[in-house]
Amino acid sequence: MLDNSELLAKVDRVFLGMPSPNFAGSPVGAHPCQGVYVTPKGKRPKVAFVACHYNGDFTEHYMGPEMAVRGFGFLGWNTRYRGAEDMFLLENAVLDIGVGMRWLREVAGVETIVILGFSGGGSLMAAYQAEAVCPTLGDGLQGAGLDALHSLPKGDLYVSLNAHLGRPQVFTSYLDPSVVDEWDPVPTDEALNPFNPDNGPPFSQEFISRYRAAQRARNQRITDWAKEELKRLNAAGIPDRLFPVYRSWADLRFVDGSLDPSDRPTPMCYAGDPAIANRAIPGLGKVNTLKTWLSMWSLETSKCHGGVQLARFSLPSLVVQGLSDLGVFPSDARQIFDHIGSHDKELHMLPGTHYFHGNTDERKHAAELVGEWVKQKV
């Protein structure tokens, strides 16, 4: 297996920076849409992948060189919200993704675009494809942005790779429902505390049902407050505000490996020991505007529900899931597979972590599986 330096020696990389239909860029010169296009050295592939995330930087995605040495192009793409999760609005992100898609078609000469939905980007890229098929986000756009929404280039194939089902779903499954006061991270309802040994593990079915219902209720409480607060602020001429969300590393599956069993170690989450991470700063959705909460995290109002978007698919689709993933679980991959509306679809469970890091054979295995599937469909 080639190490990273050997892979990079066999590919060409081009940096791209472009305006969005409704946002030209910052005065300093930074473009809202940025990416790195990776190709086999000296070649112009007709088949290319595109990957993007809600706020993560995908310009140097590990799958880029892996797919390029296998003969494909790979566009690791960023929207205006890279590093700015607290400001995210789905309609703008979709427009930004469309800029990269159009560049692949019209400039790079790509004939077949493979949409790669990796991690949180799974539901984002699903939303993009669904909007390209039938736009629904026009209420948040006008002028050039609205025109662009109705002319988004469509993808030809879809790959879900260690993807979360949807932004509202994953966040709710991670939320700690024992939080008593949204403005104070300390008070705790011990009857719902996942780290109270009196509750488990193992967790009883009664506790699990009560816990999950309380997670959904917490999401709804924040949604109800956000809607009312937005009305109050708007009436006073204030467009929006920031607010924190505490304690969001509390999925019971982080603690109890018998729930949704896989090869992952427990207790563990992406941020380490969940009992410690849950009370620390880093994590999903820690700070939001009211509009971002309603656009991305709310079970009631968000359109970042992967299941709803995937059901609108008709393109061939592949679902790949690593069995040592700490935050995406086998049942998530099965739900994604079940939600995809296409008849032509496959599901594969593989050895490996979320990023297939630390084991070059596992990463190679995943890349070869994806590459061979694409070759079969082109």
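This report walks through a predicted model, from its main sheet and the helices against it to a few single residues.

Some ground rules come before the tour. Numbering starts from 1 along each chain as its sequence is written. Since the model is predicted, local features need pLDDT of at least 70 and side-chain atom pairs count only at pLDDT 80 or more, while totals for chains, interfaces and linings use all residues; side-chain values use heavy atoms, with hydrogens and water left out.

**The sheet**

Let's start with the open sheet, which has eight strands in the order β1-β2-β4-β3-β5-β6-β11-β12 and mixed pairing. Strands here are DSSP runs of E with at least two residues, helices are runs of H or I with at least four, and both are numbered from the N terminus. Two strands pair if DSSP finds at least two bridges between them. At the edges sit β1 (11-18) and β12 (345-350), each pairing on one side only. From one strand to the next, the twist averages 20°.

Over at the β12 edge, β11 (residues 317-322) pairs with β12 in the parallel sense, over six bridges. Within that pair, S317 stands opposite K345 of β12.

L350 is a handy residue to look at in β12. With 5% relative accessibility, L350 counts as buried (buried means under 20% relative accessible area, exposed over 50%, partly exposed in between, using a 1.4 Å probe and protein chains only). Setting aside neighbours within four places in sequence, L350 is in contact with V320, Q321, G322, L323, H365, A366 and L369; contact means heavy atoms within 4.5 Å. As for Q169, L350 is 181 residues from it in sequence and 23 Å from it in space, C-alpha to C-alpha.

**Helices on the sheet and on each other**

Helix α13 (residues 360-377) lies across β3, β5, β6, β11 and β12, and runs at about 165° to β6. Helix α4 (residues 121-133) lies across β3 (47-51), β5 (112-118) and β6 (157-161), at about 140° to β5. For these angles, axes are lines fitted to C-alpha atoms, for helices over the stretch in contact, and values run from 0 to 180 degrees between N-to-C directions.

Helix α4 also has a helix partner: the axes of α3 (residues 90-106) and α4 come within 10 Å and cross at roughly 80°. That makes α3 roughly perpendicular to α4, a label for angles of 65 to 115 degrees (under 35 is roughly parallel, over 145 roughly antiparallel, and the rest oblique). On the α3 side, L90, A93, V94, I97, G98 and M101 meet L124, M125, A127, Y128 and E131 of α4. That contact divides into nine nonpolar residues, one polar and one charged. In this scheme Ala, Val, Leu, Ile, Met, Phe, Trp, Tyr, Cys and Pro are nonpolar, Asp, Glu, Lys and Arg are charged, and the others, Gly among them, are polar.

Just ahead of α3, the loop from β4 (73-78) holds E85. This glutamate is buried, at a relative accessible area of 13%. Beyond its neighbours within four places in sequence, E85 is in contact with N55, R167, G283, L284, G285, K286, T292, M296 and W297.

**Backbone oddities**

Two cis peptide bonds follow one another, from G200 to P201 with omega near 5° and from P201 to P202 with omega near -5°. P201 lies in the loop between β8 (184-188) and α7 (205-235), and P202 is in the loop between β8 and α7 too.

Two residues other than glycine have positive phi values, listed here with their surroundings.

| Residue | Phi | Loop | Relative accessible area |
|---|---|---|---|
| N162 | near 45° | β6 to α6 (167-174) | 0%, buried |
| R247 | near 55° | β9 (242-244) to α8 (252-255) | 2%, buried |

**Cysteines**

How many disulfides are there? The count comes to zero, taking a disulfide as a pair of cysteine sulfur atoms within 2.5 Å. For C52, the nearest cysteine sulfur is that of C33, 8.8 Å away. C304 is in no disulfide either, as its nearest cysteine sulfur, that of C52, is 12 Å away. C52 is buried at 1% relative accessibility, and C304 is buried with a relative accessible area of 1%.
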